Amino acid sequence: MRKIIHVDMDAFYASVEQRDNPALRGKPLAVGGAAARGVVAAASYEARMFGVHSAMPSVTAARKCPDLIFVKPRFDVYRAVSQEIREVFAEYTAMIEPLSLDEAYLDVTENLKDMPVATEIALEIRAKIKAATGLNASAGISYNKFLAKMASDLNKPNGQAVITPRHGPTFVEQLAVKKFHGVGPATAEKMHRLGIETGAELKAKPLQFLTEHFGKAGPFFFGIARGIDERPVRPDRERKSIGAEDTFAVDISALDTASNELRSLAQKVWSSCKAKGLSGKTLTVKVKYADFEQVTRSRTTSLPFADLGDILEVADVLLAGLYPFKRPVRLLGLTLSSLFADKEADQVDEPQLGLGL
């Protein structure tokens, strides 16, 4: 039986800004651009009370919270703080799988402190992070990654929760599938159409049914519905792509509307790249029509994308190539792959080449 901890920093970017600027403490804060096409990268808990959340258009956030304060992101600072946090993790285990700057899985089944109780390790880690950075972290503890991730949300902010092997299956059965980590809005909607609303209803479906409707994800859903997740914590986990997508409340047909939606996705993807110190060479636009037919268009450049403007230029061309749309569009997605660390990209001494469009 493994002992897995999922550590998740509370409102990380916003909390760093409030830590470094006392005038921002206790106030509704959004990290991101306030411009007409800006997107919220992170929101403080004070802002979340008004319904502001990450990936929300800035104009929407400002409308929900008129007193919202926008702060430009400082990814170099966030990376430095993230490194401090990972140094704390390394005091306890070498089995660390970072998911982003502000969260990671830790396997503490065998740990460097020979501590037998994972909940006590999580308490110590959270206390040391607070002492080192001044920031709060939440944690989830369980016997697998899926349940540890779910547990870390139960007592946020600045708390922790444990899901034991005895209670894991029952916890999953009672949970709405739309709250499952790994089940996005589109998948949740598909499950809804198939009569699956809860973990218990997911558990009732045979493996063949889930594989037929969800492909490679079918066995994963079959397992987690029973509280089973055999994925190991992988300290050598390599990010293959960074993407974002949005399912619309109302299908769209106009190119300018789709282009505006794609711009928001591009800003989200590029912000995520900068936070992780990455760029990429392959950009893919995904369109899912109202009848769930899906098409993609990709373009690979000779060098990693240098900035958001380059991504937007290619994304617009790829999207225009699919217009006029065959049917109304229910979902748009944007993915950057063929990833490089910023340092690797910097070592390419030739100038950024034209995109050849």
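**Helix packing, sheets and an annotated site in a predicted model**

Helix 4 and helix 5 meet through Val-81, Glu-84, Ile-85, Val-88 and Phe-89 on the helix 4 side and Ile-125, Lys-128, Ile-129, Ala-132 and Thr-133 on the helix 5 side. The structure described here is a predicted model. Two packed helices are described by the angle between their axes and the distance between the axes. For helix 4 (residues 75–90) and helix 5 (residues 118–133), the angle is about 145 degrees and the axes lie 10 Å apart. The crossing of helix 4 past helix 5 is right-handed.

Two open sheets were examined in turn. Strands of a sheet pair through backbone hydrogen bonds, in either the parallel or the antiparallel sense. One open sheet consists of three strands in the order 3-2-4, and its pairing is mixed. Its edges are formed by strand 3 (40–43) and strand 4 (69–71), each of which pairs on one side only. From one strand to the next, the twist in this sheet averages 30 degrees. Strand 2 (residues 29–32) runs parallel to strand 4, and three bridges join the two. Within this pairing, Val-31 has Val-71 of strand 4 as its bridge partner. Helix 1 (residues 12–20) packs on the sheet and touches strand 2, strand 3 and strand 4. The direction of helix 1 makes about 110 degrees with that of strand 2.

Another open sheet has four strands in the order 9-12-10-11, with antiparallel pairing. Strand 9 (241–252) and strand 11 (294–300) are the edge strands, each pairing on one side only. The twist here averages 15 degrees from one strand to the next. Strand 10 (residues 278–289) pairs with strand 11 in the antiparallel sense over seven bridges. Thr-284 has Ser-298 in strand 11 as its bridge partner. Helix 12 (residues 255–276) packs on this sheet, in contact with strand 9, strand 10 and strand 12 (329–341). Its direction makes about 155 degrees with that of strand 9. Helix 13 (residues 308–320) lies across strand 10, strand 11 and strand 12. Relative to strand 10, helix 13 runs at about 30 degrees.

An unreviewed UniProt entry lists Asp-8 and Asp-102 under "binding site". These positions span 95 residues in sequence, yet their C-alpha atoms are no more than 5.9 Å apart, so they gather at one spot. From this set, Asp-102 is included in the lining of the largest cavity.

Asp-8 lies in strand 1 (residues 4–9). Its relative accessibility is 10%, and Asp-8 therefore counts as buried, the cut-off being under 20%. Leaving aside neighbours within four places in sequence, Asp-8 is in contact with Asp-102, Glu-103, Ala-137, Ser-138, Ser-152, Asp-153 and Lys-156.

Asp-102 is located in the loop between strand 5 (96–100) and strand 6 (103–107). With a relative accessibility of 22%, Asp-102 counts as partly exposed. Not counting residues up to four places away in sequence, Asp-102 touches Val-7, Asp-8, Met-9 and Phe-12. The two annotated positions are thus in contact with each other, as Asp-102 appears among the contacts of Asp-8 and Asp-8 among those of Asp-102.

Terms used:
Residues numbered from 1 in each chain as written. Predicted model: local features only at pLDDT ≥ 70, side-chain atom pairs only at ≥ 80, totals over all residues. Heavy atoms only, no water. Pairing = 2+ DSSP bridges. Axes fitted to C-alpha atoms, helices over the stretch in contact; angles between N-to-C directions. Contact = heavy atoms within 4.5 Å. UniProt positions renumbered as here; feature names shortened; annotations may be inferred. 1 Å grid on protein atoms, 1.4 Å probe; cavity = no way out; pocket = protein on both sides within 12 Å on 5 of 7 lines; lining within 4 Å. Buried < 20%, exposed > 50% of the residue type's maximum accessible area, 1.4 Å probe, protein only. Left-handed = near helix turned anticlockwise from the far one by under 90°.
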